[in-house]
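Here is a short tour of one protein chain, from a surface patch to a pocket. Please keep the viewer open as you read along.

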Amino acid sequence: MTPPRVPPILPRATPDFEAPLSNVPDGLVYTPEHEYVARGDGAGVVRIGITDYAQGELGDVVFVSLPKPGQRLDAHQSFGTIEAVKAVSELYSPVAGEVVEVNGALDADPAAVNRDPYGEGWMITLRVSDPASLEALLSPADYRKHIGE
């Protein structure tokens, strides 16, 4: 008599792991539109860029259009665009202020936004009109909740 045939064990259709979480550094504040604000050493100047989550959703960044230094921005005003293989998106100023500096290196290397959004991939520095307005932005914990992580 032959032994009963045992069906093979098939691999699961989906891998048994969690997707990697986005990098949401403490010490920054965030907007629901996925910009971050890094507070400077003083004089009310902050650095602004898009979050790791945003760059991941966009895909490969191929072009960034930024304002000129000296341009005044209102809170929530578009200050440029970011173009990726998947889409073109507006960039919004989290708070009102005057553009002090733009990251000109993004002209030649827009992919820095993908590689290092909080470092080399920053976009503008802004002299904030009302530093207290930064308090209305999302904390790291609130931003993590906003993106479902």
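Is F63 buried, partly exposed or exposed? F63 counts as partly exposed because its relative accessibility is 44%, where buried means under 20% relative accessible area, exposed over 50%, and partly exposed in between (1.4 Å probe, protein chains only). This is a predicted model, in which local features need pLDDT of at least 70, side-chain atom pairs count only at pLDDT 80 or more, and totals for chains, interfaces and linings use all residues. Residues are numbered from 1 along each chain as its sequence is written, and side-chain values use heavy atoms, with hydrogens and water left out.

**The chain as a whole**

The chain has four helices and nine strands; helices (H or I, at least four residues) and strands (E, at least two) are DSSP runs numbered from the N terminus. Read from the N terminus, the order is β-β-β-α-β-β-β-β-β-α-α-β-α. Of the 149 residues in the chain, 37% are buried.

**Three residues to look up**

F63 can be set beside two residues from helices, as follows.

| Residue | Element | Relative accessibility |
|---|---|---|
| F63 | strand β4 (residues 61-65) | 44%, partly exposed |
| L106 | helix α2 (residues 105-108) | 1%, buried |
| R144 | helix α4 (residues 140-146) | 27%, partly exposed |

F63 also belongs to a nonpolar surface patch with V62 and V85, and together they have about 290 Å² of accessible area. Such patches join nonpolar side chains (Val, Leu, Ile, Met, Phe, Trp, Tyr) within 5 Å, from residues with over 30% relative accessible area and no salt bridge. A salt bridge here is a side-chain nitrogen of Lys or Arg within 4 Å of a carboxyl oxygen of Asp or Glu. Areas come from the Shrake-Rupley method with a 1.4 Å probe.

Each of the helix residues has a partner elsewhere in the sequence. L106 and M123 are 17 residues apart along the chain, with 7.9 Å between their C-alpha atoms. For R144 and L21, the sequence separation is 123 residues and the C-alpha distance is 9.4 Å.

**The largest pocket**

The volume of the largest pocket is about 160 Å³. A pocket is an open set of points on a 1 Å grid where a 1.4 Å probe fits, with protein on both sides within 12 Å along at least five of seven lines, and lining residues have an atom within 4 Å of a point. Among the lining residues are E33, H34, I50 and Y92. Two elements, α1 (52-58) and β7 (88-92), give two or more residues to this lining, and β7 supplies the largest share, four residues. By class, the lining has six nonpolar, two polar and four charged residues.

How values were computed:
Grid points are joined across faces, edges and corners, and a volume is the space filled by probe spheres set on the points. Ala, Val, Leu, Ile, Met, Phe, Trp, Tyr, Cys and Pro count as nonpolar, Asp, Glu, Lys and Arg as charged, and the others, Gly among them, as polar. Patches are made of residues with over 30% relative accessible area and no salt bridge: like charges are joined within 9 Å, nonpolar side chains (Val, Leu, Ile, Met, Phe, Trp, Tyr) within 5 Å.
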